[in-house]
Amino acid sequence: MLPNCAAIHDLCCYAKSSLTVVLPVLEAQGVECSPLPTALLSSQTDGFTSYHFRDATDDLEAVLSAWEQLSLSFDAVYSGFLGSATQVSVVERFIRQQREHTDPLVLVDPVLGDDQMLYGPITMQQVKAMRSLVKLADVITPNTTEAALLLDQPMRPVFDERTALEWAGRLGEETGASVVITSVDLGSTKAVAVHDAGVSSLVPYASIPVSYPGSGDLFASLLLGSLVHKQSLQTSVSLAIQLTSLAIARTLDAGYERRHGIAPSLILDELTKRYMRHGM
């Protein structure tokens, strides 16, 4: 029987991000995915001048109530964009309820902002609520903007290695979670800052000069899929970096405009073959 995951993210009807990235990537890794939309959008928002947005809090609560009545349990709980402090509280209750019956791997991607700015609909009330939610996680995957918000530190575009390691360590100490800070700009290179089992480290990677929406969703989904199959955090981070970089390069080579977002379909063959070959 395949492991299963409750994926709590927004659903964009056009262009690739959130659930339209999460679902195919996890399924290709041999993880059955139960989607739970937090909002419905006509498209992902980066690069579009107008879009429809519908809050799905009522549906979120109703679905989770139905799942609880059915005593459904999951091997993993994976949250991304949450549209309000209320939704954060709902997810917290769900995680606690799941842990009464099983021991799911909980990955929280604290979607709050990027490029030293909050995302448009995010408020400081949500930031404060997210500081509580990450303390229930086993793994968190903030970018550097989100790490600054969680630590209540001034945002910064460029890091020295010492500061990047300090931030990862502080987040680990404050949350009790393993920490994976993405897109750390070290000036001459980029890296992922990792804190796990009391040790902080940097995993450098070659930067591609383009930024596609949904790349963070792809990275976190690849990371989760590997972790669910019992790979170590370091191995999972390295694999997620490798495959995210491959997807970005192929999306660029295929000529997709930036607002289309990352194209996960361009690496699904590699993911399926890897799962079939290694059982992961």
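**Close-ups of a predicted model**

**View 1. Strands E9 and E10 (residues 190-196) pair in the antiparallel sense, with five bridges between them.** Everything shown here comes from a predicted model, not an experimental one. Within this pairing, Ile181 stands opposite Ala193 in E10. E9 and E10 form a hairpin, and four residues lie between the two strands. One residue to pick out in that turn is Gly187, which has a positive phi of about 90°. As for E9 itself (residues 178-185), the strand is mostly covered, with six of its eight residues buried.

**View 2. E10 also pairs with strand E11 (residues 199-205), in the antiparallel sense.** Seven bridges hold this pairing. To find your place along it, look for Ala191, which stands opposite Pro204 in E11. E10 and E11 form a hairpin with two residues between them. In this turn, Ala197 has a positive phi of about 55°.

**View 3. What does E9 pair with in the parallel sense?** The partner is strand E8 (residues 139-140), joined to E9 over two bridges. Here Val139 stands opposite Ser178 in E9. In general, strands of a sheet pair through backbone hydrogen bonds, and the pairing is either parallel or antiparallel.

**View 4. Zooming in on Val179, a residue of strand E9.** Is Val179 buried or exposed? Val179 is buried, because its relative accessible area is 0% and the cut-off for buried is under 20%. Setting aside neighbours within four places in sequence, Val179 has contacts with Ile140, Ala168, Leu171, Gly172, Ala193, Val194 and His195. Asp138 is worth finding in this view too: it is 41 residues away from Val179 along the chain, yet their C-alpha atoms are separated by 8.6 Å.

**View 5. Stepping back, nine strands form an open sheet with mixed pairing.** Reading across, the order is E3-E2-E1-E4-E5-E8-E9-E10-E11. Which strands stand at the edges? They are E3 (53-55) and E11, each with a single partner strand, so one side of each has no neighbour in the sheet. Further in, strand E4 (residues 76-79) and strand E5 (residues 105-108) run parallel and are joined by four bridges. Ser79 stands opposite Val108 in E5.

**View 6. Two helices that lie across strands of the sheet: H3 and H8.** H3 lies across strand E1 (4-12), strand E2 (32-41), E3, E4 and E5, and runs at about 170° to E4. Helix H8 (residues 233-253) lies across E9, E10 and E11, and its angle to E10 is about 160°.

**View 7. Helix H3 (residues 85-99) beside helix H4 (residues 124-133).** Their axes come within 9 Å and cross at roughly 10°. H3 and H4 are therefore roughly parallel to each other, since angles under 35 degrees count that way. From H3, the contact uses Ala85, Val88, Val91, Glu92 and Ile95, and from H4 it uses Gln125, Gln126, Ala129, Met130, Ser132 and Leu133. Sorted by type, the residues of this contact are seven nonpolar, three polar and one charged.

**View 8. Helix H5 (residues 144-151) against helix H6 (residues 161-175).** The two axes come within 11 Å and cross at roughly 50°. That angle makes H5 oblique to H6. The crossing is left-handed. H5 brings Thr144, Ala147, Ala148, Leu150 and Leu151 to the contact, while H6 brings Trp167, Arg170, Leu171 and Glu174. By type, that gives six nonpolar residues, one polar and two charged. You've met Leu171 already, as one of the residues in contact with Val179.

**View 9. Two loop residues with a positive phi that aren't glycines: Ala15 and Ser71.** Ala15 sits in the loop between E1 and helix H1 (19-28), and its phi is near 70°. Ser71 sits in the loop between helix H2 (57-69) and E4, with a phi of about 55°. Which way does each one go, buried or exposed? Ala15 is buried, with a relative accessible area of 8%, whereas Ser71 is exposed, at 59%.

Note on methods: Residues numbered from 1 in each chain as written. Predicted model: local features only at pLDDT ≥ 70, side-chain atom pairs only at ≥ 80, totals over all residues. Heavy atoms only, no water. Axes fitted to C-alpha atoms, helices over the stretch in contact; angles between N-to-C directions. Parallel < 35°, antiparallel > 145°, perpendicular 65-115°, else oblique. Left-handed = near helix turned anticlockwise from the far one by under 90°. Contact = heavy atoms within 4.5 Å. Nonpolar A, V, L, I, M, F, W, Y, C, P; charged D, E, K, R; others polar. Buried < 20%, exposed > 50% of the residue type's maximum accessible area, 1.4 Å probe, protein only. Pairing = 2+ DSSP bridges.
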